[in-house]
Amino acid sequence: MLDDATRGYIAGLIDGDGCISRKIRHSGQAQPILSITNGHIPILEFCQKAIGGRIHRSHSGSRIVSLNEKTSRVKTYKSRPCYRLDINAQDEILYALEQVKDLLILKKEKALLAIEVVSGRKKEYVELPHHLLDSRPKI
């Protein structure tokens, strides 16, 4: 079990930079996926040690364009590299989400749904009803 500080830190990363989604297998069965994206590898390594997964380099080909209205000059900046911690193993997803489910705010409903799917209590992975999505706290 993770300590409270680690649970809170990882929950904040999942709420802010994380994604709880699904991939459809060839059999048609949905499989939940948990990922956290960040530009600082040590943060992802910390999470990896706590909850598992693999770190990948994410897309970094985008560019940031800025226009100086006074001089009408356009500057192009290359974006920083970005990295992603992907957790695909169902036992690791279940462990991670069980650890942080009570601390999540924005992604709590998706986490609870993913837990039900992974643990076998729910056969299908369906989208959340709009009334649940609309009742989430606005930030």
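**Getting to know a sheet and its helices**

Biologist: Which residue in strand 6 does Arg 54 stand opposite?
Modeller: Keep in mind that this is a predicted model. Strand 3 and strand 6 run antiparallel and are joined by four bridges. Across from Arg 54, in strand 6, stands Asp 86.

Biologist: In what order do the four strands form the open sheet?
Modeller: Happy to walk you through it! The pairing is antiparallel. Strand 1 (18–24) and strand 3 (54–57) each pair on one side only, as edge strands. From one strand to the next the twist averages 30°. Read across the sheet, the order is 1-2-6-3.

Biologist: What angle does the direction of helix 2 make with that of strand 6?
Modeller: Helix 2 covers residues 41–51 and packs on the sheet. Strand 2 (30–38), strand 3 and strand 6 are the strands touched by helix 2. With the direction of strand 6, helix 2 makes an angle of about 10°.

Biologist: And what angle does the direction of helix 3 make with that of strand 2?
Modeller: Helix 3, residues 90–100, packs on the sheet as well. Strand 1, strand 2 and strand 6 are touched by helix 3. The angle with the direction of strand 2 is about 65°.

Biologist: Within what arc do the buried residues of helix 2 fall?
Modeller: Those buried residues are Ile 43, Leu 44, Cys 47, Ala 50 and Ile 51. Their cover includes helix 1 (4–17), strand 2, strand 3, strand 6 and helix 3. Looking down the axis of helix 2, the buried residues line one face of the helix, because they fall within an arc of 120°.

Biologist: Is Asp 86 buried or exposed?
Modeller: Asp 86 meets Arg 84 in a salt bridge, at 2.8 Å from N to O. Arg 84 has 26% relative accessibility and counts as partly exposed. A residue is buried if its relative accessible area is under 20%. Asp 86 has 10% relative accessibility, so Asp 86 counts as buried.

Biologist: How far apart are the closest N and O atoms of Asp 4 and Arg 7?
Modeller: These two residues lie three residues apart in helix 1, so about one helical turn separates them. Asp 4 is exposed at 60% relative accessible area, whereas Arg 7 counts as buried at 12%. They form a salt bridge, and their closest N and O atoms are apart by 3.2 Å.

Biologist: Which residue forms a salt bridge with Glu 98?
Modeller: Glu 98 counts as partly exposed, with 33% relative accessibility. Its partner is partly exposed too, with a relative accessible area of 22%. At 2.8 Å between the closest N and O atoms, the partner is Lys 101.

Methods:
Residues are numbered from 1 along each chain as its sequence is written. This is a predicted model: local features need pLDDT of at least 70, side-chain atom pairs count only at pLDDT 80 or more; totals for chains, interfaces and linings use all residues. Side-chain values use heavy atoms; hydrogens and water are left out. Two strands pair if DSSP finds at least two bridges between them. Axes are lines fitted to C-alpha atoms, for helices over the stretch in contact, and angles run from 0 to 180 degrees between N-to-C directions. Contact means heavy atoms within 4.5 Å. Buried means under 20% relative accessible area, exposed over 50%, partly exposed in between (1.4 Å probe, protein chains only). The arc is that of the directions from the helix axis to the C-beta atoms. A salt bridge is a side-chain nitrogen of Lys or Arg within 4 Å of a carboxyl oxygen of Asp or Glu.
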